Amino acid sequence: MRQTKIICTIGPKTASFESLLKLANLGMNVARLNMSHGDLLWHKKIIDWIKTLNRKERFSIAILLDTKGPEIRTGDIKKPKEIKSGQRFIFTTEKKPTYEEDMVEVNYDGFVDDVAVGDVILVDGGLLSFLVKEKKEKRIITECLDGGLLTSRRHLNIKGKSSSLPTITKKDWEDINFGIENGVDFIALSFVKDSKSIVNLKNYLKQKQVNIQVIAKIESAQSLSCLEEIIDVADGVVVARGDLGAELPIEQVPLLQEKIINSCLLKRKPVIVATHLLESMIENPTPTRAEVTDIFLALKQKADALMLSGETAVGNYPFKSVSVMDEVIKKLEKEIFLNKERKFFPETFDAKIEIAKASSFLAMNLNVSAIVVFTRRGYMASLVSSFRPSVSIFAFTNMSSVKRKLNLFWGVTAFRIDFSKDPEKTIKKAIKILIERKYLKENDKIIIVSDILIEKEYVETIQIRKI
């Protein structure tokens, strides 16, 4: 079984019920809605199709709404501009019907204030770059460092800086309310700069009385000074390597990836690695060897999930990309001895955490076939996952929403069943399901983590039994 989860971005190439069904059959665990593209009606269709898929086809695909965030982009241009190194070029916040040949509009009025002489402006993460030479009111005069073809609505970064735009924009709030109305499972908040924006969003969701988890996207240079505080308050993290690599020296990105993953493991928060994992498969039917090595590194570092972006949204080989990712992960996971490299987890004096830790170590030492967890909110299953046991985790819950959310967590396969007042009946029902679906067989040894009701109080227990 594959332990690491796959997130697929849905786009024009996969926007149909048939395509979503194919992605699910190939191994998609979470569907990502990129709110930077498409209108709300388009996204509503995708959500409805996924809900139908889950209901009729017995899948449990979770839905992640990814906010656009405070993106800075160039405006529309009539035809692509070929810009050469050494050429003078102007970025402007002026609103005009037409612009000079060596000029492009920027959609953010404060861009001139954020930029200083000597800064480097990057287009699409560095495909083109410009040195700021001079500023005049609403114009930034630059010299092109790395030339290329400039097209409409390209993403802009200031190397080594974050913009002064708020993390959650007016459009983001509209999209968040749309997500609440349509019952998404996760909201990924783009360009998080500090913990305050995460706390504000979580408080807003609490006021709306919805159980949507908030995932912080680490892609802003400003976020690094308060990284630990962000991870503390978020429900999970995305290592968004694209914009992170644009705002910081690229050689820092792999070091930050490892740091963020390690911190999430210690804090028992799910972590997603995103951007360029199979980028070449947007155009080509096979990945590069470097991309496969990149996947291996993320698996070795114990990320919960890997995200496909353009590969499944606009690429020429969306289904093959998922198939390749699934096969590569399965084969590499067999070769990675996760438990031999387990990091020391300090004492917590928290009974639930210690039980989760114990189940993982027992699984490694007693040669069991699986850990079976009974969980109402998904918390215990997530704790067991955080210790990266050497066997699969089967989580049983009585909530469909919890079942979907557990799709993000490493190694967890979730099921929804009705819980009996008699714990033994619930355990037997779960074991029967696992045997029928050929996850387990007679005489297998398993670890069971559950709570039992003793005098009106739930008590966590851990069992080892032969089925």
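Is Ala290 buried or exposed? In this predicted model, Ala290 is exposed, with a relative accessible area of 56%. The cut-off for that class is over 50% relative accessible area. Ala290 belongs to helix H9, which covers residues 289–300, and this helix offers a convenient point of entry into the structure.

Helix H9 comprises 12 residues, and the distance from its first C-alpha to its last is 16 Å, close to the 16 Å expected at 1.5 Å a residue. Its buried residues are Glu291, Asp294, Ile295, Ala298 and Leu299. Viewed down the axis of H9, these buried residues fall within an arc of 140 degrees, so they line one face of the helix. The exposed residues Arg289 and Ala290 are carried on the face of H9 that is turned away from the buried side. On the buried side, the packing partners of H9 are helix H7 (241–247), helix H8 (253–266), strand E15 (271–274), strand E16 (305–308) and H11. Ala290 can also be placed relative to Leu277: 13 residues separate the two in sequence, and their C-alpha atoms are 9.3 Å apart in space. Just after H9, Lys302 adopts a positive phi of about 75 degrees.

One of the buried residues of H9 leads into the interior of the model. Ile295 touches Leu277, Leu278, Leu306, Met325, Val328, Ile329 and Leu332, when residues up to four places away in sequence are not counted. Ile295 is also among the residues with the most contacts inside the largest nonpolar core, together with Ile61, Leu201, Ile260, Leu306 and Met325. That core has 69 residues. Its largest share, 7 residues, comes from helix H11 (residues 318–335). Apart from this core lies another, of 36 residues, including Leu64, Ile355, Ala381 and Ile447.

Ala381 directs attention to helix H13 (residues 379–386). Of the 8 residues in H13, 7 are buried, so the helix is largely enclosed by the rest of the structure. The buried residues of H13 are Met380, Ala381, Ser382, Leu383, Val384, Ser385 and Ser386. Just after H13, Arg388 takes a positive phi of about 50 degrees.

The discussion now turns from helices to strands. In a regular strand, side chains alternate between the two faces of the sheet. How are the two faces of strand E12 (residues 186–189) covered? Phe186 and Ala188 are buried on one side, and Ile187 and Leu189 are buried on the other. Strand E12 pairs with two strands that can be considered in turn. With strand E3 (residues 62–66), the pairing is parallel and runs over 3 bridges; here Asp66 stands opposite Ala188. With strand E13 (residues 213–218), the pairing is again parallel and runs over 4 bridges; here Leu189 stands opposite Ala216.

Charged side chains form a further layer of the description. How many salt bridges does a search of the whole structure find? The search finds 30. One of them joins Asp48 and Lys44, with an N to O distance of 2.9 Å. Both residues lie in helix H2 (residues 40–56), 4 residues apart, which is about one turn of the helix. Asp48 is partly exposed, at a relative accessible area of 31%, and Lys44 is likewise partly exposed, at 29%.

The salt bridge between Arg73 and Glu71 has its closest N and O atoms 3.2 Å apart. In this pair, Arg73 is buried, with a relative accessible area of 16%, and Glu71 is buried, with a value of 13%; the cut-off for burial is under 20%.

A third salt bridge brings together the side chains of Lys133 and Glu143, at 3.8 Å from N to O. This pair links distant parts of the chain, with Lys133 in strand E8 (residues 128–136) and Glu143 in strand E9 (residues 139–146), 10 residues apart. Lys133 counts as partly exposed at 46% relative accessibility, and Glu143 is partly exposed at 30%. Beyond such pairs, salt bridges that share partners join Arg32, Asp66, Lys217 and Glu219 into one network. Asp66 thereby returns to the account, as the residue that stands opposite Ala188 in E12.

Note on methods
Residues numbered from 1 in each chain as written. Predicted model: local features only at pLDDT ≥ 70, side-chain atom pairs only at ≥ 80, totals over all residues. Heavy atoms only, no water. Salt bridge = Lys/Arg side-chain N within 4 Å of Asp/Glu carboxyl O. Buried < 20%, exposed > 50% of the residue type's maximum accessible area, 1.4 Å probe, protein only. Core = buried A, V, L, I, M, F, W, Y, C linked by side-chain atoms within 4.5 Å. Contact = heavy atoms within 4.5 Å. Expected span 1.5 Å × (residues − 1). Arc of directions from axis to C-beta. Pairing = 2+ DSSP bridges.
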